[in-house]
Amino acid sequence: MNHTELKNAGIDVDSALKRVMGNENLLKRLLGKFLSDPSWNKLVESVEQDCKEDALAASHTLKGVCGNLSMDKLFDLFSEQVHLMREENWEKAYSMMPEIKIQYDSVVEGIKNCCV
């Protein structure tokens with residue numbers, strides 16, 4: 001597993017490995033599962049259709065997954081978005097999507113280059 005590739009993608013590999021007791025194979029499998037998690041597509045679709053409850057649920061799920069996998073930049077972005085959604089500042093929460101997509105794409109690319 002290429003730690004540098006993952007770090008460059010925004011994943012704190014050392015922290016992630018601590019969460020899985022140093023098991024690189026388990027971390028690799030979990031990162032692979034991230035790629036197939038439907039929450040990202042659900043978030044995009046919900047924002048496009050202005051389905052607020054579904055958007056909040058998807059963003060909250062992604063926040064948790066990113067936190068568990070030490071995807072710190074994405075975790076911070078989703079944390080902010082969830083906070084804005086809970087305050088019903090939907091316009092600002094939705095306006096974060098381009099920035100979130102850039103970081104999400106970076107993480108996905110890093111995982112694909114490293115682990116798939």
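In this predicted model, the buried residues of helix 5 pack against helix 2, helix 3, helix 4, helix 6 and helix 7. The residues concerned are Ala55, Ala58, Ser59, Leu62, Lys63, Cys66 and Gly67. Because they cover an arc of only 165° around the axis, they sit on the same side of helix 5. The face turned away from this buried side carries Glu53 and Asn68, both exposed. The length of helix 5 also agrees with expectation, since 17 residues at 1.5 Å a residue should span 24 Å and the end C-alpha atoms are 24 Å apart. Just after helix 5 comes Ser70, with a positive phi of about 60°.

One of the buried residues of helix 5, Ser59, leads on to helix 6. The side chain of Ser59 makes a polar contact of 2.8 Å with the side chain of Gln81, a residue of helix 6 (residues 72–86). Gln81 has 0% relative accessibility and therefore counts as buried, the limit being under 20%. Apart from neighbours within four places in sequence, Gln81 is in contact with Leu43, Ser59, Ala93, Met96, Met97 and Ile100.

Helix 4 (residues 39–48) offers another buried serine, Ser46. The relative accessible area of Ser46 is 2%. When residues up to four places away in sequence are not counted, Ser46 touches Cys51, Asp54, Ala55 and Tyr94. Of these, Ala55 is among the buried residues of helix 5.

Helix 8 (residues 97–115) can be described in a similar way. With 19 residues, helix 8 reaches 26 Å from its first C-alpha to its last, close to the 27 Å expected at 1.5 Å a residue. Its buried residues are Met97, Ile100, Gln103, Tyr104, Val107, Val108, Gly110, Ile111, Cys114 and Cys115. Seen down the axis, these fall within an arc of 160°, so they line one face of helix 8. Pro98 and Ile102 are exposed on the other side. The cover over the buried residues of helix 8 includes helix 1 (3–8), helix 3 (24–36), helix 4, helix 6 and helix 7 (90–95). Two of the buried residues, Met97 and Ile100, are also contacts of Gln81.

How do the nonpolar residues come together? The largest nonpolar core has 35 residues, of which Leu31, Phe34, Leu43, Met71, Leu74 and Ile111 touch the most other members. At least two residues of this core are supplied by each of helix 2 (13–19), helix 3, helix 4, helix 5 (52–68), helix 6, helix 7 and helix 8. Helix 8 makes the largest contribution, with 8 residues. Leu31 gives a closer view of the packing: leaving out residues up to four places away in sequence, Leu31 touches Leu6, Ile11, Leu69, Met71, Ile111 and Cys115. Met71 and Ile111, both touched by Leu31, are likewise among the core residues that touch the most other members.

The cysteines deserve a brief word. A disulfide is a covalent bond between the sulfur atoms of two cysteines, and the structure holds 0 disulfides. Cys66 counts as buried because its relative accessibility is 0%. Cys114 is buried as well, with a relative accessible area of 13%, which is under the 20% limit.

Conventions:
Residues numbered from 1 in each chain as written. Predicted model: local features only at pLDDT ≥ 70, side-chain atom pairs only at ≥ 80, totals over all residues. Heavy atoms only, no water. Helix = DSSP H or I, 4+ residues; strand = E, 2+ residues; numbered from the N terminus. Buried < 20%, exposed > 50% of the residue type's maximum accessible area, 1.4 Å probe, protein only. Polar contact = N/O pair within 3.5 Å; in protein donor to acceptor, adjacent residues only side chain to side chain. Contact = heavy atoms within 4.5 Å. Expected span 1.5 Å × (residues − 1). Arc of directions from axis to C-beta. Disulfide = S-S within 2.5 Å. Core = buried A, V, L, I, M, F, W, Y, C linked by side-chain atoms within 4.5 Å.
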